[in-house]
Amino acid sequence: MSTVLTGITTTGSPHLGNYVGAIKPAIQRSTDPAYKSYFFLADFHALIKCWEPERVAQSTKEIAATWMALGLDTDKAVFYRQSDIPEIPELTWLLTCMAAKGLMNRSHAYKAQVAENTEQGSDDPDKGITMGLYSYPVLMAADILMFNATEVPVGKDQTQHLEMARDIGARFNHHFGEHFVMPKTVVDEKVAVLPGLDGRKMSKSYNNTIPLWLPEKKLRKHIMKIKTNSLEPGEPKDPNDSFVFDIFKAFASEQQINEMKVEFANGIAWGTAKQHLFEMINTELQVAREKYNELMNNPDIIEQELNKGAAKAREYATPFLAELKAAVGIRPIS
Ligand code: TRP
């Protein structure tokens with residue numbers, strides 16, 4: 001049986017890019033009986049880059065409600081908050097003692113910050129860099145190895161962290177016996193990377209997102225803001241050169257895609273194309289949006305669900321951590 005695991009850092013509000021690129025495929029895969037799924041809210045990871053308590057708390061609530069509203073079956077998938085599993089920071093320490101400092105020096109996230117400091121002419125290359133940022137890959141390795149995940153679906157930017165998780169896990173195995181399986185990185189090329197309003201990858205950091213749970217009118221307004229070229233109604237348009245079409249593709253069926261291609265060739269007006277796009281996205285999200293709003297108004301239900309998930313996660317984590325501690329020599333006196 002394969003174990004799929006992935007985490008989402010709780011620093012922002014879910015947007016259409018997260019939905020298409022991560023949440024929707026993960027929920028779909030979790031219905032496959034060949035997989036055991038672990039999905040979690042990476043709230044310890046949030047602290048690495050966000051020191052706004054209200055934002056972390058609100059984001060955790062929104063992301064949890066999102067997965068639930070979109071129909072994640074929490075009886076099948078284990079859905080939990082990282083910080084509810086005390087075994088994870090404990091394992092982080094065991095792994096920290098296995099992680100080569102030289103390996104961490106090569107981490108992209110850390111190197112990017114050093115490069116920025118150097119560029120800005122600072123005499124301290126480590127300016128503003130916390131140990132949280134520096135050892136971020138070790139915490140992530142603990143998330144993954146804690147549940148012996150076999151497959152980890154992530155964005156391309158995370159592949160180095162997965163390599164590090166394998167490196168650290170292998171070193172532990174080498175010294176203390178075979179405890180961890182090596183997790184595989186799954187970067188699904190079929191899953192769409194959605195462009196944002198300006199055409200760059202939809203991302204919080206570019207400020208070009210379409211939030212997932214906008215009320216209908218606002219959703220329409222956002223979609224109308226997607227950048228297009230200046231071709232007039234009646235002029236043929238190239239679907240391969242249109243952000244509207246790129247986003248449309250991520251939601252439409254094969255047949256709808258073909259129909260839209262014909263409309264592009266016939267010179268559909270941008271406003272009309274956007275209206276079609278709005279209707280398609282709105283139809284897909286309508287029911288879930290009501291559920292989402294209901295959950296946001298009933299936070300106890302979310303909290304209960306997360307508590308249930310934490311208990312399930314710990315059924316695995318508690319005995320496994322005891323085994324790992326015993327392996328390194330931390331055990332009852334005998
Ligand atoms: N670092 C990941 C990101 O920023 C989130 C994450 C934390 C994660 N722990 C994980 C993803 C474990 C996969 C597995 O996207």
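**Helix H3 and the salt bridges of the model**

In this predicted model, helix H3 (residues 53-69) offers a simple check of geometry: at 1.5 Å a residue its 17 residues should span 24 Å, and the end C-alpha atoms are indeed 24 Å apart, so the two values agree. Many residues of H3 are listed as buried, including Val56, Ser59, Thr60 and Glu62. The buried set also takes in Ile63, Ala64, Ala65, Thr66, Trp67, Met68 and Ala69. After H3 comes glycine 71, which has a positive phi, near 95°.

Attention now turns to charged side chains. Side chains of opposite charge can pair when their charged atoms come close. Searching the whole structure gives twelve salt bridges, and three of these are described here, beginning with the pair formed by lysine 24 and glutamate 284. The N to O distance in this salt bridge is 2.8 Å. Lysine 24 belongs to helix H1 (residues 16-30) and glutamate 284 to helix H13 (residues 270-297), so the contact ties together parts that lie 260 residues apart in sequence. Both partners are partly exposed: lysine 24 has a relative accessible area of 24%, and glutamate 284 has a relative accessibility of 28%.

Another salt bridge links aspartate 246 with lysine 249, with 4.0 Å between the closest N and O atoms. Here the two partners sit in one helix, H11 (residues 243-251), and because they are three residues apart, about one helical turn separates them. Aspartate 246 is partly exposed, at a relative accessible area of 26%, and lysine 249 is likewise partly exposed, at 40% relative accessibility.

A spacing of three residues, about one turn of the helix, is also found for glutamate 305 and lysine 308 in helix H14 (residues 299-328). Their side chains form a salt bridge with an N to O distance of 2.9 Å. How buried or exposed are the two partners of this pair? Glutamate 305 has a relative accessible area of 17% and is therefore buried, the cut-off being under 20%. Lysine 308, by contrast, is partly exposed, with a relative accessibility of 33%. The pair does not stand alone, as salt bridges with shared partners join Asp75, Glu305 and Lys308 into one network.

Taken together, the pairs described include a contact between helices H1 and H13, a pair within H11 and a pair within H14.

Definitions and conventions: Residues are numbered from 1 along each chain as its sequence is written. This is a predicted model: local features need pLDDT of at least 70, side-chain atom pairs count only at pLDDT 80 or more; totals for chains, interfaces and linings use all residues. Side-chain values use heavy atoms; hydrogens and water are left out. Helices (H or I, at least four residues) and strands (E, at least two) are DSSP runs, numbered from the N terminus. Buried means under 20% relative accessible area, exposed over 50%, partly exposed in between (1.4 Å probe, protein chains only). The expected span of a helix is 1.5 Å times one less than its number of residues.
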